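Here are some questions about how the labels on a structure follow from computed values. Each answer sets a value against its cut-off.

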Amino acid sequence: MIEHRGIIQRVEDGKAIVAMETAGCSSCGQGSSCGIGKMASGRPATLLTLPVSGDLKAGDFVLIGLPESKLTFSALLGYLFPAFAMIFGAWLGAALDGSDGATALGAIAGFLAALSIARVVIGLVPGLMPAPQLIPISKQSPAFPKEYHHD
């Protein structure tokens, strides 16, 4: 489970508005050499709207968790599948016509077809995309930055 800290800003209609830290996850041990962490540092908190259950309320600290197994499959479907489809489309265009234009059109067609297929598959297969979960943590968290305390 990949987890990221946040604080609930408000709860309305069964949904929680959660401010999430944007300083990078630091879970992989890369620390200051992480490109994502460098891009995220100094940016305002990211707000997420997530379904809430239980007795969570504004001001509660939570962890936003994503199951790693579903995240890995989603990454394969969203990144690797279109890349391979683009390569296959380019090969097919080159094999059928042999010109650079056909190769380029084949690559574009393969990429767009893969994106369309991925979108249909995600819509048809329930639970395929990872759904973030709110995990309550202690109300007093010294590791959480003070700029998230809103009154």
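Q: What makes β2 largely enclosed by the rest of the structure?
A: In this predicted model, five of the six residues of β2 are buried, so the strand is largely enclosed by what surrounds it. Buried here means under 20% relative accessible area.

Q: Which strands does β2 pair with, and how do you know that they pair?
A: Two strands pair if there are at least two bridges between them. Strand β1 (residues 2-12) is joined to β2 by six bridges, and six bridges also join β2 to strand β3 (residues 46-51). Because six bridges meet the requirement of at least two, β2 pairs with β1 and with β3. Both pairs run antiparallel. I17 of β2 is the bridge partner of R10, and I17 also has a bridge partner in β3, T49.

Q: What lies between β1 and β2?
A: The two strands form a hairpin with two residues between them. D13, in the turn, has a positive phi of about 55°.

Q: What makes up the largest nonpolar core, and which elements give two or more residues to it?
A: The core has 10 residues in all: I8, A16, V18, M20, L50, V52, L56, V62, I64 and L134. They count as a core because they are buried nonpolar residues joined through side-chain atoms within 4.5 Å. The elements giving two or more residues are β2 (15-20) and β4 (61-66). β2 gives the most, with three residues.

Q: How are helices α2 and α3 packed, and what is the hand of their crossing?
A: Helix α2 (residues 68-96) and helix α3 (residues 100-124) pack at an angle of about 145°, and their axes are 6 Å apart. The crossing is right-handed.

Q: Which residues of α2 and α3 meet, and what classes are they?
A: On the α2 side the contact includes L77, F81, P82 and M86. On the α3 side it includes F111, L115, I117 and I122. By class, the contact has 15 nonpolar, five polar and no charged residues. Glycine counts as polar; G89 and G93 in α2 and G106 and G110 in α3 are among the residues in contact.

Q: Why is V121 called partly exposed?
A: V121 is in helix α3. Its relative accessibility is 29%. Buried requires under 20% and exposed requires over 50%, so a value of 29% counts as partly exposed.

Q: How far apart are the C-alpha atoms of V121 and L77?
A: They are separated by 9.4 Å, and the two residues are 44 residues apart along the chain.

Conventions:
Residues are numbered from 1 along each chain as its sequence is written. This is a predicted model: local features need pLDDT of at least 70, side-chain atom pairs count only at pLDDT 80 or more; totals for chains, interfaces and linings use all residues. Side-chain values use heavy atoms; hydrogens and water are left out. Axes are lines fitted to C-alpha atoms, for helices over the stretch in contact, and angles run from 0 to 180 degrees between N-to-C directions. Helices (H or I, at least four residues) and strands (E, at least two) are DSSP runs, numbered from the N terminus. A crossing is left-handed if the near helix is turned anticlockwise from the far one by less than a right angle, and right-handed if clockwise. Contact means heavy atoms within 4.5 Å. Buried means under 20% relative accessible area, exposed over 50%, partly exposed in between (1.4 Å probe, protein chains only).
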